[in-house]
Amino acid sequence: MKYLAISLTFFLTMGLPWRANAGEPTVQLSTTINEFVTILVNTPVSELRTTGLPEKALKLIFGRFDFSEMTKRSLARHWKTLEQSEQREFVDAFTHKLLVAYGRTVRASGDEKIQFKRETLDGKFARVETKVVSGGGQELPIDYQLHDDNGQWKVYDMVIDHISIVNNYRAQFERVISKSSVKELLVRLKQQSS
């Protein structure tokens, strides 16, 4: 009986880290988002418009978002047809496009609240459901798709109001590629980034 109690305690203890880590994607994501929001609220809107996101904010974004994975998933089957140097060029151009698009929609009013609703784990993948609630009570659901990258949960897709960023860009990229080529898509991305 004593041996059974010791064994049971051992297995329960061994199981604790898994349960403790079950909320890790949400903890990591919420920490990043809360720090990001604090930086934006404390940065004048005029500065955001002229110089873009502050270096501290960019560091947070690059630490939590996996732009390589986003680019790879957005290009889908075309990714493997590219040389490594072209892949890097795509990642750089696409990252810049996403940051510019996001920067245009940034509002540092401080009256929006982010609610972390639910987390779903599936091995090395997770989904964290959030809701942005404006001061006027309007709600915008944003679900983050993350994957475990050596203990860091990195975002590889965002589903904003039920629309996946990756799927949306994949459809756009596919239209351009079908009418011209992957290289033409890269040229266009670079032009949009300059």
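A residue counts as buried when its relative accessible area is under 20%, as exposed when that area is over 50%, and as partly exposed in between. Keep this in mind for the exercises below, which explore a predicted model.

**Exercise 1. Find which residues of helix H5 are buried, and where this helix packs.**

Step 1. Look along H5 with the cut-off in mind: the buried residues are Phe67, Glu69, Met70, Thr71, Ser74 and Leu75.

Step 2. Now look at the surroundings of the helix. H5 (residues 67-75) packs on the sheet, where it touches S2, S3 and S4. The direction of H5 makes about 45° with that of S4.

Step 3. Go on to the residue that follows H5. This is Ala76, and its phi is positive, near 50°.

**Exercise 2. Work out the strand order of the sheet and name its edge strands.**

Step 1. A reminder helps here: strands of a sheet pair through backbone hydrogen bonds, either parallel or antiparallel.

Step 2. Trace the sheet from one side to the other. It is an open sheet of five strands in the order S1-S2-S3-S4-S5, and the pairing is antiparallel. Strand S1 (113-122) and strand S5 (163-164) are the edges, each pairing on one side only.

Step 3. Zoom in on one pair. Eight bridges join strand S3 (residues 139-149) to strand S4 (residues 152-160) in the antiparallel sense. Asp149, for example, has Gln152 in S4 as its bridge partner.

Step 4. Add a helix to the picture. Helix H2 (residues 24-41) also packs on the sheet, touching S1, strand S2 (125-133), S3 and S4. Its direction makes about 155° with that of S1.

**Exercise 3. Describe the aromatic pairs that Phe173 forms with Phe94 and with Tyr169.**

Step 1. Start with the overall count: the whole structure holds six aromatic pairs.

Step 2. Take Phe94 and Phe173. Their ring centres are 5.4 Å apart with 70° between the planes, and the pair is edge-to-face. Phe94 lies in helix H6 (residues 84-105) and Phe173 in helix H7 (residues 165-179), so this pair ties together parts that are 79 residues apart in sequence.

Step 3. Take Tyr169 and Phe173. This pair is tilted, at 5.8 Å centre to centre and 45° between the planes. Both residues lie in helix H7, four residues apart, which is about one turn of the helix.

Step 4. Check the accessibility. Phe173 has a relative accessible area of 4%, so it is buried. Tyr169 is buried as well because its value is 11%, and Phe94 is also buried.

**Exercise 4. Locate the salt bridges Arg77–Glu174 and Glu89–Lys190, and decide how exposed their residues are.**

Step 1. The whole structure has 11 salt bridges.

Step 2. In one of them, the side chains of Arg77 and Glu174 meet at 3.2 Å, N to O. Arg77 sits in the loop between H5 and H6 and Glu174 in helix H7, so the bridge links parts of the chain 97 residues apart. Arg77 is exposed because its relative accessible area is 60%, while Glu174 is partly exposed at 28%.

Step 3. In another, the closest N and O atoms of Glu89 and Lys190 are 2.1 Å apart. Glu89 belongs to helix H6 and Lys190 to helix H8 (residues 182-193), so the pair ties together parts 101 residues apart in sequence. Glu89 is partly exposed at 29%, and Lys190 is partly exposed at 38%.

Methods: Residues are numbered from 1 along each chain as its sequence is written. This is a predicted model: local features need pLDDT of at least 70, side-chain atom pairs count only at pLDDT 80 or more; totals for chains, interfaces and linings use all residues. Side-chain values use heavy atoms; hydrogens and water are left out. Two strands pair if DSSP finds at least two bridges between them. Helices (H or I, at least four residues) and strands (E, at least two) are DSSP runs, numbered from the N terminus. Contact means heavy atoms within 4.5 Å. Axes are lines fitted to C-alpha atoms, for helices over the stretch in contact, and angles run from 0 to 180 degrees between N-to-C directions. Buried means under 20% relative accessible area, exposed over 50%, partly exposed in between (1.4 Å probe, protein chains only). Rings of Phe, Tyr and Trp (its six-membered ring) pair if their centres lie within 6.5 Å; planes under 30 degrees apart count as stacked, over 60 as edge-to-face and the rest as tilted. A salt bridge is a side-chain nitrogen of Lys or Arg within 4 Å of a carboxyl oxygen of Asp or Glu.
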